[in-house]
Amino acid sequence: MILCTAILSGCEKDDFCTKDPVTPKLVLRFYDANDRDQLKKTERLSIWAAGKDTIPTYRSVALDSVAIPLNTTTIETVYHLKINDFDGNLASNETATLTIQYTPEEEFVSRSCGFRVIFNRCSFFVRYKLDSRFYPCSSHNDRQSNHSTCSDIPLVLFSCWFVRLGMLKRKQWKFHQ
Amino acid sequence: MEVPSVEKDSLVYKTAYGLRLGADISKPILASFNGNYTGFELVADYRINKKIYVAAEIGFEEKTSVEEYSNSTSKGNYIRVGFNYNAYDNWLDMNNEIFTGVRYGLGIFDQTLNSYTPNVNSLYFPSESINASITDSGLTAHWTEFIVGIKVETLRNLFVSTSISYKIVLAVNDPENFKTLFAPGFGRIFESGTGFGFNYTISYLIPFTKK
């Protein structure tokens, strides 16, 4: 009898969560600072949140797109990014700080996927640190920027890269690696 | 030459008509194995002609659905009413059945979201389980059922029956920002709005007349 019930209810599609990711991630796409339509791979990019270790998958990597999680238990996530296209030495690191603020809200998705977190009233500001080396690609000097949305925001984080910022829901962004 | 006419057998075997009352014994058994479930169901049917019975079930169920990202409890009462059609031709005065049936079902229940863990798909910022205890009361579910089963008269007027059913939701209330994962009388509601049921009943026929 129990076996019978188990067989009948065994394998419906709602047993497996097929959405990935369920909770949106913040996406950064890196473009050439001098050709803003051209994706450009980073050099020795590392990403870590304030007070945490480097994200294991983003430790000194060469990628043109990254998707990073936001802390769903707070209203703010502070990320530090490091890039080095010079010689890899500490002295020539270029760093930027990206602060994202939002109101997290839990939203039910399905039995198998559970609740996701969506980020409302998203805003962020950026602080550059451009004083550690010579910057060959551009000479912009706007060192802070503020936005009241987190969708498709263009910003300059590094001298040789132009960055677009968006939220990854489902797999709508294609990653070039 | 005259062919002798075959005399028609004039002996007619009569079977009992009456009210049959019983209980689903699978639910208490299931409850004794599964700490997340309790249930009780009374069944009744009434024969209206040779093949057709009016049938109804009433019951109570409480079930805690333990999912990867949520834990919720549904609790309430239900009723199902409909017909069974006996497709089995009995020998002599036997009164067994291979039947098919249809039901309309109505469940009235509460659902409590006990706890949940937001699915943040990130080990970098892990989420923690949140105790919610959010109860939505007076939820209803309406559904139809298609049943196949057998009934065997084991002792005089005592029947053992087993059946399985396929259920389709007509309408169901979902709690705000959540979903009815289980409705009493219906069982687990699948993503497609369907479900399955199983019954194992023992019932007693109170004969009114023989036809």
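**Strand pairing and chain contact in the predicted model**

Strands β1(A) and β2(A) run antiparallel and are joined by 2 bridges. In this predicted model, the connection between β1(A) and β2(A) is a hairpin that passes through 2 residues. Across the pair, Asp32(A) faces Asp35(A), the latter belonging to β2(A).

The loop that separates β1 (25-32) from β2 (35-39) in chain A contains Ala33(A). Around Ala33(A), 21 other C-beta atoms lie within 10 Å; because the threshold for burial is 20 or more, this residue is classed as buried. Ala33(A) is also brought together with a residue remote in sequence: Cys160(A) lies 127 residues away along the chain, yet the C-alpha to C-alpha separation is 5.0 Å.

Strand β1(A) has a further partner in β4 of chain A, which spans residues 65-68; these two strands pair in the antiparallel sense through 4 bridges. Within this pairing, Leu26(A) is placed opposite Ile68(A) of β4(A). Strand β1(A) is thus bridged both to β2(A) and to β4(A).

In chain B, strand β1 (residues 16-24) is likewise engaged with β10(B), and the two are antiparallel, with 9 bridges between them. Asp24(B) is set opposite Thr201(B), a residue of β10(B). Antiparallel pairing also links β1(B) to strand β2 of chain B (residues 37-47), here over 5 bridges. In that second pairing, Ala23(B) stands across from Leu42(B) in β2(B). Adjacent positions of β1(B) are therefore matched to separate strands, with Ala23(B) opposite a residue of β2(B) and Asp24(B) opposite a residue of β10(B).

The contact between the two chains draws 28 residues from chain A and 25 residues from chain B. On the side of chain B that touches chain A, the greatest contribution comes from strand β10 (residues 194-210), which supplies 3 residues. By class, this side of chain B comprises 12 nonpolar, 8 polar and 5 charged residues. Strand β10(B) accordingly appears in two settings, as a contributor to the contact with chain A and as an antiparallel partner of β1(B).

With regard to confidence, the model has an ipTM of 0.81 and a pTM of 0.81. For chain B the mean pLDDT is 91, with 95% of the residues of that chain at 70 or more. Where pLDDT is low, predicted coordinates should not be interpreted in detail.

Conventions:
Residues numbered from 1 in each chain as written. Chains lettered and ligands numbered in written order. Predicted model: local features only at pLDDT ≥ 70, side-chain atom pairs only at ≥ 80, totals over all residues. Buried ≥ 20, exposed ≤ 12 C-beta atoms within 10 Å, placed from the backbone. Contact = placed C-beta atoms within 7 Å. Nonpolar A, V, L, I, M, F, W, Y, C, P; charged D, E, K, R; others polar. pLDDT = per-residue confidence, 0-100.
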